[in-house]
Amino acid sequence: MGLGGCIILVAVGAVLTFATDWKMDTVNVDMVGWIMMIVGVIGVIVYASIARRRRLVVPPSTTVVSDDDRRGL
């Protein structure tokens, strides 16, 4: 799930929790909204930590030979 999916989960969960007054006998709609918001926030945190790791630049471990070094041979 990408960042957009996580944000949609948070938004839909907030709508279910705060903007609706549906009452169902079998499902607590407010609790479903809270669960969706929590899962969305966890998803954003995980996505951000993975994206941060991808941005790390590892310096090359190979030796670079320049033209100046070849002239001396």
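Trp34 is partly exposed in this predicted model, with a relative accessible area of 42%. The residue belongs to helix α2, which runs over residues 29-54. The value of 42% falls between the limits of 20% for buried and 50% for exposed, so Trp34 is put in the middle class.

**The aromatic pair**

A pair of aromatic rings is described by the distance of the centres and the angle of the planes. How many aromatic pairs does the model hold? The count comes to one. In this pair the ring centres of Phe18 and Trp34 are 5.6 Å apart and the planes stand at 80°, so the arrangement is edge-to-face. The angle is over the 60 degrees at which a pair begins to count as edge-to-face, and the centres lie within the 6.5 Å limit. The two partners come from distant parts of the chain: Phe18 sits in helix α1 and Trp34 in helix α2, with their positions 16 residues apart in the numbering. Phe18 is exposed, at a relative accessible area of 58%, whereas Trp34 is partly exposed at 42%.

**Thr17 and its partners**

Thr17 lies in helix α1, which spans residues 3-19. Is Thr17 buried or exposed? With a relative accessible area of 10%, Thr17 is buried, because buried means under 20%. The side chain of Thr17 comes within 3.3 Å of the backbone nitrogen of Trp34. Residues up to four places away in sequence aside, Thr17 touches Asp30, Gly33, Trp34 and Met37. Trp34 is thus a contact of Thr17 and the ring partner of Phe18.

**Gly13**

Gly13 is also placed in helix α1. Its relative accessible area is 0%, so Gly13 is buried. Beyond its neighbours within four places in sequence, Gly13 is in contact with Gly33, Met36 and Met37. Gly33 and Met37 also appear among the contacts of Thr17. The C-alpha atom of Gly13 is 7.1 Å from that of Val32, a residue 19 positions away along the chain.

**Ala19**

Ala19 is a further residue of helix α1, and at 61% relative accessibility it counts as exposed. Ala19 and Asp30 are separated by 11 residues in sequence, and their C-alpha atoms by 9.8 Å. Asp30 is one of the residues touched by Thr17.

The accessibility of the residues discussed is listed here.

| Residue | Relative accessible area | Class |
|---|---|---|
| Gly13 | 0% | buried |
| Thr17 | 10% | buried |
| Trp34 | 42% | partly exposed |
| Phe18 | 58% | exposed |
| Ala19 | 61% | exposed |

**The nonpolar patch**

Phe18 and Trp34 both belong to a nonpolar surface patch of about 860 Å², together with Met31, Ile35, Ile38, Val39, Ile42, Val46 and Ile50. Which helix gives the most to this patch? Helix α2 does, with eight residues.

**The chain as a whole**

The chain has three helices and zero strands, in the order α-α-α along the sequence. Of its 73 residues, 15% count as buried; Gly13 and Thr17 are among them. The accessible surface comes to about 6300 Å², and carbon and sulfur atoms account for 65% of that area. Among contacts in the chain with a separation of 6 or more, 45% join residues 24 or more positions apart.

Notes. Residues numbered from 1 in each chain as written. Predicted model: local features only at pLDDT ≥ 70, side-chain atom pairs only at ≥ 80, totals over all residues. Heavy atoms only, no water. Helix = DSSP H or I, 4+ residues; strand = E, 2+ residues; numbered from the N terminus. Buried < 20%, exposed > 50% of the residue type's maximum accessible area, 1.4 Å probe, protein only. Polar contact = N/O pair within 3.5 Å; in protein donor to acceptor, adjacent residues only side chain to side chain. Contact = heavy atoms within 4.5 Å. Phe/Tyr/Trp six-rings, centres within 6.5 Å; stacked < 30°, edge-to-face > 60°. Patch = residues over 30% accessible without salt bridge, like charges linked within 9 Å, V, L, I, M, F, W, Y side chains within 5 Å. Areas by Shrake-Rupley, 256 points an atom, 1.4 Å probe, with all protein chains shown as cover. Salt bridge = Lys/Arg side-chain N within 4 Å of Asp/Glu carboxyl O.
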